[in-house]
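Colleague: I would like a close look at a single helix in this model. Please take one part and describe how it sits in the chain.

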Amino acid sequence: MKELVDDFVGFVVYLFGLIVCLWCTECSRETVDVVGFDVSHHQGMIDWKKVRANVGGDVFVYVKCTEGADYTDSAYKYNMWEAKKNGFLVGGYHFFRMTSGAVEQFINFKRALGSVHQDVIPMVDVETTVSL
């Protein structure tokens with residue numbers, strides 16, 4: 001369990017560093033424009049060949065992998081493989097739920113990512129309707 005907690009802490013620290021970098025105006029002035037989007041089972045069966053024909057250049061796609069502590073997106077593997085096959089840079093994302101524990105969600109995400117190759121770092125999507 002300690003090893004899993006250490007992995008989770010490292011993951012959170014890595015994500016925090018990335019977020020800080022993305023928000024840093026100095027960092028963003030130095031970057032090249034990159035186009036990307038996210039998909040999940042909500043888009044249905046995506047024709048990735050058609051998408052590639054309409055979107056040129058280096059494009060990344062974040063594919064929903066998991067949500068909460070026990071859900072795996074039914075289209076995850078299909079979208080990862082087909083997007084990659086059609087020349088997109090791919091990475092999985094986890095939709096964080098405030099109703100589940102962070103460690104349980106991390107375990108679910110890590111398990112579901114499995115051995116699927118990630119071109120861009122896995123991400124966590126945190127949304128809330130609560131005013132801050």
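Modeller: What follows looks at helix H4, with the rest of the chain as its setting.

This is a predicted model, and confidence should be stated before any detail. The pLDDT averages 80 over the chain, and 71% of the residues score at least 70. Among the elements of the chain, H4 has the highest mean pLDDT, 95, while helix H2 (residues 25–30) has the lowest, 48. Over residues 20–29 the pLDDT is below 50, and this stretch has 1 contact in the model beyond near neighbours in sequence.

Next, the setting. The chain holds 5 helices and 5 strands, and along the sequence they follow the pattern α-α-β-α-β-β-α-β-α-β. Of the 132 residues in the chain, 33% are buried. The accessible surface of the chain is about 8,700 Å², and carbon and sulfur atoms account for 61% of that surface. If one takes the contacts between residues at least 6 apart in sequence, 77% of them join residues at least 24 apart.

Now the helix itself. H4 covers residues 76–85, and its buried residues are Tyr76, Asn79, Met80 and Ala83. Viewed down the axis of H4, these buried residues fall within an arc of 100°, so they line one face of the helix. The spacing fits a general rule: an α-helix has 3.6 residues a turn, so residues three or four places apart point the same way. On the other side of H4, Trp81 and Lys85 are exposed. Buried here means under 20% relative accessible area, and exposed means over 50%.

What covers the buried face? The cover over the buried residues of H4 includes strand E1 (35–39), helix H3 (48–54), strand E2 (59–67), strand E4 and helix H5. After H4 comes Gly87, which has a positive phi near 90°.

Two of the covering elements, E4 and H5, also belong to a β-α-β unit. Strand E4 (residues 89–96) and strand E5 (residues 123–126) run parallel and are joined by 4 bridges. One residue pair can be named: His94 has Val124 in E5 as its bridge partner. From E4 the chain passes through helix H5 (residues 102–113) to E5, and the crossover is right-handed.

To put the helix together: H4 has one face lined by buried residues, with Trp81 and Lys85 exposed on the other side. Its mean pLDDT is the highest among the elements of the chain.

Terms used
Residues numbered from 1 in each chain as written. Predicted model: local features only at pLDDT ≥ 70, side-chain atom pairs only at ≥ 80, totals over all residues. Heavy atoms only, no water. Pairing = 2+ DSSP bridges. Right-handed = clockwise from strand over helix to strand, strands pointing away. Buried < 20%, exposed > 50% of the residue type's maximum accessible area, 1.4 Å probe, protein only. Contact = heavy atoms within 4.5 Å. Areas by Shrake-Rupley, 256 points an atom, 1.4 Å probe, with all protein chains shown as cover. Arc of directions from axis to C-beta. pLDDT = per-residue confidence, 0-100.
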